[in-house]
Every structure is written in structure tokens, then in C-alpha cells.
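Ready for some practice in reading a protein structure? Keep the model open beside you and try each exercise before you look at its solution.

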Number of protein chains: 2
Amino acid sequence: MQKAGILGGGQLGRMLLQEAANYPVETYVLENDPDCPAAHLCHHFIKGDIRNFDDVYNFGKDLDVITIEIESVNVDALEKLAAEGRRVIPTPAALRIIKNKVSQKAFYTEHSIPTAAYRVVQSMNELQKHIGDWLPAVQKIGEGGYDGRGVQVIMSVDDAAKGFDSESVLEKKVAISKEIAVIVAVAEGGDTALYPPVEMIFDPYLNLLNFQIAPADVQQNMLWRIQAVARTVAKQLSSPGIFAVEMFISKEGELYVNETAPRVHNSGHHTIEANYSSQYDMLWRILLNYPLGNPASVESSSLVNLLGEPGHTGEVKYEGLEEVLKMENVFVHLYGKKQTKPGRKMGHVTIMSKDKQDLVHKAQQIRHALKVVAH
Amino acid sequence: MQKAGILGGGQLGRMLLQEAANYPVETYVLENDPDCPAAHLCHHFIKGDIRNFDDVYNFGKDLDVITIEIESVNVDALEKLAAEGRRVIPTPAALRIIKNKVSQKAFYTEHSIPTAAYRVVQSMNELQKHIGDWLPAVQKIGEGGYDGRGVQVIMSVDDAAKGFDSESVLEKKVAISKEIAVIVAVAEGGDTALYPPVEMIFDPYLNLLNFQIAPADVQQNMLWRIQAVARTVAKQLSSPGIFAVEMFISKEGELYVNETAPRVHNSGHHTIEANYSSQYDMLWRILLNYPLGNPASVESSSLVNLLGEPGHTGEVKYEGLEEVLKMENVFVHLYGKKQTKPGRKMGHVTIMSKDKQDLVHKAQQIRHALKVVAH
């Protein structure tokens, strides 16, 4: 039986482990918090720091295959593991490109992948110097941004004071008409499968996905363009794995890649129920070197993220669960986090329906009915 | 967060725990074998004997709700737990009726639920005495039969020597045209949901389900009858829980209840992919006192059980997995059992398709391609 390790023990690891039990695999998780969402669902929980070279190397050295559920891991250790013959998915090279927003942007440019115009700034000083003719802009910190942290919209010269004083990408803000994400699965031999694109609506304050429709409502020409771009990103990364390619369609009808995640992703949670092979099932197929599954959608779906309510910090309590579970074809996934805080991802709800109006209506109902609060 | 305990740690517990991670519940498993399929997927594994009064009582006394994944548990302990205010699902009373084939038959007769004609015999001596005018017959041992053990077909007077020398049901053998199973979900308040009936084909030698189609191909009148009988069984048991009602349609077109299981069941495995709310999801809704889910089928399906190959005992190896995973909309579930032996349930495969011919064809392909052997 193959031994597979996951760096990180959050909700993505949790859902990956729910699916792991279908396959012949012995599972390992490396994570500092023994109470993390994935801890009790693996065969072997190893307490350690995914950013620490020795912790990652020692975790991986006797495993057959290692994957990640978050980018902020020690890539040097993964490189050494790969050099010693461990399968590392995604490849450390792909991870290195993506992990830093500056190299990620350079990668898009190098491969003629459409992306918003940008400059690299090294400090607050440079930011102040370059912002004048570059407004409105979005500053993205080079390393360490995640889930809306490390991203700052700068609308005016005065706004620049809110910016980051470190290496970052300064992007021209695109006037967005739609946000799209495509999950791409790449097998070790190069076989590729694309999930139907999803359409997202972000909360302007927290910048966390909180409502999504799949498949996205786009015209055939745009669909082809989205698929071609997603394929190019995956192909040029030259790595097996699951990749979530996030894109914008601008008000002028241009398509831009926003960013790519080299792992299972929030924009693919609905695939658990709404697609034949979920992103989690697909990743196991890739990790264990089996043929890819079928990414086609079974039925249209929407997805609501459950975020910790503003003003609530402490031991978690869910309000309105009963009301939501009464609704037809609604699937609740709670992540088992013991503590809530404002904006923390605590779970999600997938809704299936053949009727798009029904999807939107139920998503809105759920956003109002279901609250994650503190005791 | 509620604390839920499962008596038994086999594949049913395993699949129940895969689903548990969606709900706010802390999970406990009682089982003797720390390497059992469910052991690594619960929050708390407790080593102990599910047949032992003290083990079951001590396991359950601090839990909110207790369920089973096998009938051969200590019912006295469950009765004491229920008397002390623990929620026990199914109720000990329902479990007691079902657990013994003699009382189960008496229950059907008492409630005018159609079932094959039978006599009760206490010993080999009585069996020999009664068999003459009762051939062909099926002898079912009163307590302890499971998965084909404890059932003996007796075609002739000579055959009776193969029979059991203990209290058992001696049933007139029905000439079967179809075997049907219906999963019924009953909430604590009495709300009931019926899954579409499935149609089964049994291996005549091992008596283990190895091929199933859902929904069953029956005429509308028969469907109504099947649903009415399944509902009656569940209603008369007066217990919340999941119940699998297995039935025969005779060559004469009569419907008989064969037996009922008071738990998630092999005949409901396909509901993981092929129905909106799976039997496992449904049981969590019942255990945690949430509204029932939608049992409707998403798409037709077939199900193949993976049994240990004859002649193979030892450390498990799967042959043909790659070939099967190449097939479209095929879902493999392996149970993580380390040892295989002839006829042991090692996994199952669900196939989804809109086309019934495709379901049958793929099921047959899988039966030939995928083998569970010893190293």
C-alpha cells in the first residue's frame, strides 16, 4: 500500500482524507495543530511545521508521494525529497513559481498568458513612487498572501499608505465583469482534464469567496478561451496535480488570469456532489498514478462559504443548521474547527438544482439563515 | 458538539465516518480490532467487545447517541443506556426483534407483513422431524447469522444433515423471480423517506450480494406494493434509524419480505454517488436530529461487490484497479482490510449511467477485471 503525505491539515486536507478512504493508501498529515480539521482522519498525524526544512524532509523521506493543501510550505525540503526519488505533486518547481506572486506574474508574461498589467515594487518607498500613474491598482504581496491576506486595493495616492512595505506585485486594477475559476487536473503522464468553469462573487470587504455558481454562465466563444487559457497555464507549469486557475473577464470582455493555486481549491468544493469525479477524488487518482476521472458536472450547483460572523470570536456554534438541512438537495460541510473568528472559513454548503434561479435563491436563503457564531 | 458512538468498526462504520466529517459531531468507535476499516477515521477508537455488556455500557454511558453497524451487539447494555437517557438508534426493542430470525419472523406474521411460510425448529432432531413435508426449505439460524453465514438451503431429506443444530427458522423456499431491497430512513419524530428499490443478483454459492441495479426494474403496481410493505416494516418497528428491507418477488408474482437489517446496508452503498442524500448522510441526519435528506436517485447505477477470490488468503492485493478506474463514471471503494480470504467483502464499485445496458455491461466487465487476491 502506498504511503501518501499531506503538508497542512486544514479543510482541504480534511476533504481529501474523506475521499482517501476509497483508495488503497496509507495517509500521513504534517501540521502543527493536533486539533486541526484533518488530524483525526489520517492514519498518521505528525506534529510539525510545514515551513521548516527538517520537519518537512523528515516527514516525507519514507513516503511514496507528498502533496500540499497550502502553498506556504518549505519548498527546499520538497526539492530534496524529489531529488531523492519521492514523488512530489505538484513539483517543487511549479510550487516555487506559484508561491511567489512576482514569479507567478513573470511566468504568465513569459508564456503569453493574459494577465493584468503590473509592476514589481520592493518597498513602500517604491510603491509611493510608482503609484501615481498606475491607479487604481491592486498590490499583492510576493510571498505569504493567502485567502485575502496580502492583497490591498489602492484607489488613490493617499490609499498607498495602506500598502505593504515589501516585495510585491502592483497590478492595474481590472474593471471586472465576471470572476471565473477552472480546476485543471494533470496526471503524471500529462493527461489533462478540465472541470467546467465556475463563476464567483467575492465579498468586497473580506475578499473571501462566498457564493459561486457552476457551471459559469459564459458564451461559447468565451468558454473556449477560458478553457484554452486554463490548459496553457497547466501545460506550462509542467507538473502533475490539481490547479485552480482564477480569471477575470473585464468589462471590455478581455480575459485575464488572476492567479493559480497548485492544489485542491475552494472553487472546487462543489465537485464533491455536483461532478462525477470530485477534485479530491481526482487528486488521489493523480497521487496514486491511476487514470483521471470524469470532471463533467452531474447537475448545476451553487456554493456558499460559511465564514465566521463579524464580532464573534471563540468556541464555535452554528445557528440555522436545521433550517438549511430542511432544504432539498443542500449539502452542508462543516470543517470541525473548534474556534471561530470573523471571516474564518468554517464550512461550506453546496446546493444542487437543475434550475439556476433556484440555485441563486437557495444560496441567498442560506447566507441569511446559517450563521457561524461564538458561544 | 454531540458525541456519537458506533458499535462495530467494519466497512459500514468506515463509510459512515467518511460522511461524519461534514457534520458537527465527535465520533467514537467500539471494536476489538484496532486495525479495522473504521479505526483511523473516528475521533476516538475504543478497543472492546461489542457483545460484552460492560464494554458496550462503558462505551456508551457518556455519549449523546449510539448506533450500530452490525446486529450482533449486546442489546442488554443498549437497553440500560436507553433507560438512562442515551439516544440509541435503532431502539434496543427493534434491534431485539430483528436480531433473532425467529422473533423477526414472528414480527412479520403479527403485523400481516407478507413473508415465506415457516416453522421454528429447536435442534437437528426437530429439523429432521419437520423437513419431510417442508421441502425445498431454507434454514436460518436464530441468532448470529450474518452475510450468508447461518443460512442453509435444504433441497432434500438427505440435505438436512448439513443443517444447524440450534434454534432456527425453517422457511419454505420461494421460487424467486427477483430480489429487491429498499432502504427506509426514519427520523425520531416519525418522518420517513424511502430510497428507490434496488434489484439484486446473489452468488448462489457464497450467498453474498455481488451485483445490483438501482432503481429496480418493476412495474408500477409492484413498486407501490414494495413501497407499502417497506413502509409497514419500518412503521411497525417504531424506531428511528436506517432499515434495509430485503424482499423476494416469487415466480408467481407474490411479494415476500426476506429479512430486515436495522442499519446502513450493502444494498445502499450506491447511494453515496447515485442518490442526493446517501444512506450514510441520512443516518447522520437521524442521529443528530436534523431533517431527513432527499433519497431520490440522481442517476441509475449498478453496484459490484469486491469479494476475496477463492483460494486466496493473506495480505491483500488488488488486480485490475487501473483498468476499472479507466472506465467512465465508475467509483471504487476499498475497505482498507489488510487481510483477504475467500468471499470476504473487501470493497465495492458503483457505476453510474443513464443507460441500463451500459450499467450491466460495465458491472460484468468489472467483475472480470478486478480481483482481490493475496500477495
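**Exercise 1. A glutamate in a loop**

In which loop of chain A is the place of A:Glu299? Find out also whether A:Glu299 is buried or exposed, and which side chains it meets in polar contacts.

*Solution.* One thing to keep in mind throughout: this is a predicted model.

Step 1. Start with the position: A:Glu299 sits in the loop between α9 (279-287) and β16 (301-307) of chain A.

Step 2. Next, look at the accessibility. The relative accessible area of A:Glu299 is 8%. Buried means under 20%, so A:Glu299 is buried.

Step 3. Now follow the side chain. In chain A, the side chain of A:Glu299 has a polar contact of 3.2 Å with the side chain of A:Lys354. In chain B, the side chain of B:Tyr276 is its partner in a polar contact of 2.4 Å.

Step 4. Finish with the surroundings. If you leave aside neighbours within four places in sequence, the contacts of A:Glu299 are A:Ala274, A:Met352, A:Ser353, A:Lys354 and B:Tyr276.

**Exercise 2. An asparagine in a loop**

Where is A:Asn294 found, and which residues does A:Asn294 touch, not counting those up to four places away in sequence?

*Solution.*

Step 1. The loop between α9 and β16 of chain A holds A:Asn294.

Step 2. Its relative accessibility is 15%. With the cut-off for buried at under 20%, A:Asn294 therefore counts as buried.

Step 3. At 3.0 Å, the side chain of A:Asn294 reaches a backbone atom, the nitrogen of A:Ala296.

Step 4. Leaving out residues up to four places away in sequence, A:Asn294 touches A:Tyr276, A:Ser277 and A:Met282 in chain A, along with B:Glu328 and B:Asn329 in chain B.

**Exercise 3. Two helices that cross**

At what angle, roughly, do the axes of helix α4 and helix α5 of chain A cross? Then work out which residues of the two helices meet.

*Solution.*

Step 1. The axes of α4 (residues 92-99) and α5 (residues 101-110) of chain A come within 5 Å and cross at roughly 105 degrees.

Step 2. Angles of 65 to 115 degrees count as roughly perpendicular, so α4(A) is roughly perpendicular to α5(A).

Step 3. From α4(A) come A:Arg96, A:Ile97, A:Ile98 and A:Lys99; they meet A:Lys101, A:Ser103, A:Gln104 and A:Phe107 of α5(A).

Step 4. Sorted by class, this contact between α4(A) and α5(A) has three nonpolar, two polar and three charged residues.

**Exercise 4. The two sides of a helix**

Which residues of helix α6 of chain A are buried, and which are exposed on the other side?

*Solution.*

Step 1. In α6 (residues 124-131) of chain A, the buried residues are A:Met124, A:Leu127 and A:Ile131.

Step 2. Around the axis, these residues cover an arc of only 55 degrees, so they lie on the same side of α6(A).

Step 3. Turn to the other side of α6(A): here A:Asn125 and A:Lys129 are exposed.

Step 4. What covers the buried residues? Among the elements over α6(A) are β6 (118-121), β7 (137-141), β8 (151-154) and β9 (168-172) of chain A.

**Exercise 5. Backbone details**

Which residues does a cis peptide bond join in chain A? And what is phi, roughly, at B:Ser112 and at B:Asn289?

*Solution.*

Step 1. Begin with the usual case: most residues other than glycine have a negative phi, and most peptide bonds are trans.

Step 2. A:Ile89 and A:Pro90 are joined by a cis peptide bond, with omega about 0 degrees. A:Pro90 is in the loop between β5 (87-88) and α4 of chain A.

Step 3. A cis peptide bond also joins A:Leu135 and A:Pro136, where omega is about -10 degrees. The loop between α6 and β7 of chain A contains A:Pro136.

Step 4. B:Ser112 is not a glycine, yet its phi is positive, about 55 degrees. It is found in the loop between α5 and β6 (118-121) of chain B, and B:Ser112 is exposed, with a relative accessible area of 66%.

Step 5. For B:Asn289, phi is near 65 degrees, again a positive value in a residue other than glycine. B:Asn289 lies in the loop between α9 (279-287) and β16 (301-307) of chain B, and at a relative accessible area of 36% it is partly exposed.

Conventions
Residues are numbered from 1 along each chain as its sequence is written. Chains are lettered from A and ligands numbered from 1 in the order in which they are written. This is a predicted model: local features need pLDDT of at least 70, side-chain atom pairs count only at pLDDT 80 or more; totals for chains, interfaces and linings use all residues. Side-chain values use heavy atoms; hydrogens and water are left out. Axes are lines fitted to C-alpha atoms, for helices over the stretch in contact, and angles run from 0 to 180 degrees between N-to-C directions. Helices (H or I, at least four residues) and strands (E, at least two) are DSSP runs, numbered from the N terminus. Angles under 35 degrees count as roughly parallel, over 145 as roughly antiparallel, 65 to 115 as roughly perpendicular and the rest as oblique. Contact means heavy atoms within 4.5 Å. Ala, Val, Leu, Ile, Met, Phe, Trp, Tyr, Cys and Pro count as nonpolar, Asp, Glu, Lys and Arg as charged, and the others, Gly among them, as polar. Buried means under 20% relative accessible area, exposed over 50%, partly exposed in between (1.4 Å probe, protein chains only). A polar contact is a pair of N or O atoms within 3.5 Å; within protein, one must be able to donate a hydrogen and the other to accept it, and residues adjacent in sequence count only if both atoms are side-chain atoms. The arc is that of the directions from the helix axis to the C-beta atoms.
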